[in-house]
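Work through the exercises below with the model open. Each task is followed by a stepwise solution.

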Amino acid sequence: MNSSEWSQFLGSRGFHMIDNQGFCIVDRYPVSVVLNGTTAVTSIVVRIQLAAALKKNYRKEIRELLKHKGVVSYMGTTLTLTVQAGHMQYPYEFTQTLVSLVNYLRTNSIQESIRCPICGRFETDGLAFYAGNFQRLHLSCIDQKLTTRHEQIEKNEMHGNYFTGLIGALLGGFCGILPSILTILGMERIFVILFALIPICIFYGYKVCRGKMNNAAVVITLVLSVFFLFFMNYMLLVFNVHNTYGLWLFSDCLQLFLEGDFFKELLSQSWTQILFLALGMLYSWRMITENNTKATTSIEFTRKTIHTADDPALVYKTFKSEE
Ligand SMILES: [Zn+2]
């Protein structure tokens, strides 16, 4: 089955489908699903936000219950069920699995999260996809949250500044290379993992100093990361020369540094540094690429998922003949 067939099937059961994601209330439990796969749906990921982390014996029983049907994992209070859709003959095999999981939760009095994730208070009156889960919350809280975020983006669009952002990125870069320089000079050891800090610090510097959050943030972070890697190596050369000869030879070191052979040798020696620098970039990739356009899209998406609590249109519909 392809994703439009799956969407149609889940839609007929009460799921509110938006692209490849769906939201539903199954037996009081707010449930979100993600359909994975390019043409045919290969797997379906279900998420339920619980009130508390599950005890070990419950986890064991759930694993037994869903043996050969799906894989359950936990991250804090979020329960995730992954079902392989490729092996299924009928789509209701999926909903059967989902319903059996929810039945287990209900019969064991395992409660869904009923506390608003934004203000922390109870007596919620709405539902929305927030912080990775479809969950109960206050309609006023989510509205305020999204409005504030939207205003921040508008403000950044209007008043974001490349110059202050660049200054921030440079300051961030200096902070980012400091731990590496200190450990290399002080302990005479290289912790390449610290190199991952360089892109992260540069990006935060750019962001904190109100740099405009568009593709320029990506370019500045990438270019300055490479620049600071070489700048750090240059500074280390200056310090080493000073330790050996007692002289600060900034321009001589720069000349030596820029000479082809020295540069090549450094490059061949510092590939692990570059590797960890790249890891840092990869790690901060989501933050780096989190620009205004994307943030606006995600706000619009969240808005679409807002429902009043126990909206009858969202309640899961059981087909007795199948389940
Ligand atoms: Zn609230």
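Two residues are in contact if their C-beta atoms, placed from the backbone, lie within 7 Å. Keep that cut-off for the first exercise. The model is a predicted one.

**Exercise 1. Describe how helix H5 packs with helix H7.**

Step 1. Locate the helices. H5 covers residues 162–187, and H7 covers residues 215–245.

Step 2. Read the geometry. The two pack at an angle of about 40 degrees, and their axes are 9 Å apart. The crossing of H5 and H7 is right-handed.

Step 3. List the partners. From H5 come Tyr162, Leu166, Ala169, Gly173, Gly176, Ile177, Ser180, Ile181, Ile184 and Leu185. They meet Ala216, Ile220, Leu224, Phe228, Met232, Met235, Leu236 and Phe239 in H7.

Step 4. Sort by class. The contact of H5 with H7 has 15 nonpolar residues, 3 polar residues and no charged ones.

**Exercise 2. Work out the strand order and the edges of the sheet with 6 strands.**

Step 1. Write the order: S1-S2-S3-S4-S6-S5. The sheet is open, with antiparallel pairing.

Step 2. Find the edges. Strand S1 (16–18) and strand S5 (71–75) each have a single partner strand, so one side of each lacks a neighbour in the sheet.

Step 3. Check the twist. Neighbouring strands of this sheet are turned by 20 degrees against each other on average, direction ignored.

Step 4. Inspect one pair. Strand S3 (residues 29–36) and strand S4 (residues 43–49) are joined in the antiparallel sense over 6 bridges. Within this pair, Ser32 stands opposite Arg47 in S4.

**Exercise 3. Do the same for the sheet with 3 strands, then find the helix packed on it.**

Step 1. The order is S8-S7-S9, again an open sheet with antiparallel pairing.

Step 2. The edges are strand S8 (133–137) and strand S9 (307–308). Each has a single partner, so one side of each is left without a neighbour in the sheet.

Step 3. Strand S7 (residues 126–130) pairs with S9 over 2 bridges, in the antiparallel sense. Gly126 stands opposite Thr308 in S9.

Step 4. Helix H4 (residues 139–159) packs on this sheet and touches S7 and S8. The direction of H4 makes about 35 degrees with that of S7.

**Exercise 4. Describe the overall layout of the protein chain.**

Step 1. Count the elements: 12 helices and 9 strands.

Step 2. Divide the chain. Domain 1 spans 3–138 + 310–314, and domain 2 spans 160–290. The C-alpha centres of domain 1 and domain 2 lie 44 Å apart.

Step 3. Compare with a globule. A compact globule of 323 residues would have a radius of gyration near 20 Å, but this chain has 26 Å.

Step 4. Box the chain. Along the principal axes, its C-alpha atoms fill roughly 85 × 45 × 35 Å.

Terms used:
Residues are numbered from 1 along each chain as its sequence is written. This is a predicted model: local features need pLDDT of at least 70, side-chain atom pairs count only at pLDDT 80 or more; totals for chains, interfaces and linings use all residues. Domain bounds come from an automatic or database domain assignment. Two strands pair if DSSP finds at least two bridges between them. Helices (H or I, at least four residues) and strands (E, at least two) are DSSP runs, numbered from the N terminus. Axes are lines fitted to C-alpha atoms, for helices over the stretch in contact, and angles run from 0 to 180 degrees between N-to-C directions. A crossing is left-handed if the near helix is turned anticlockwise from the far one by less than a right angle, and right-handed if clockwise. Ala, Val, Leu, Ile, Met, Phe, Trp, Tyr, Cys and Pro count as nonpolar, Asp, Glu, Lys and Arg as charged, and the others, Gly among them, as polar. The radius of gyration is taken over C-alpha atoms; the globule rule is 2.2 Å times the number of residues to the power 0.38.
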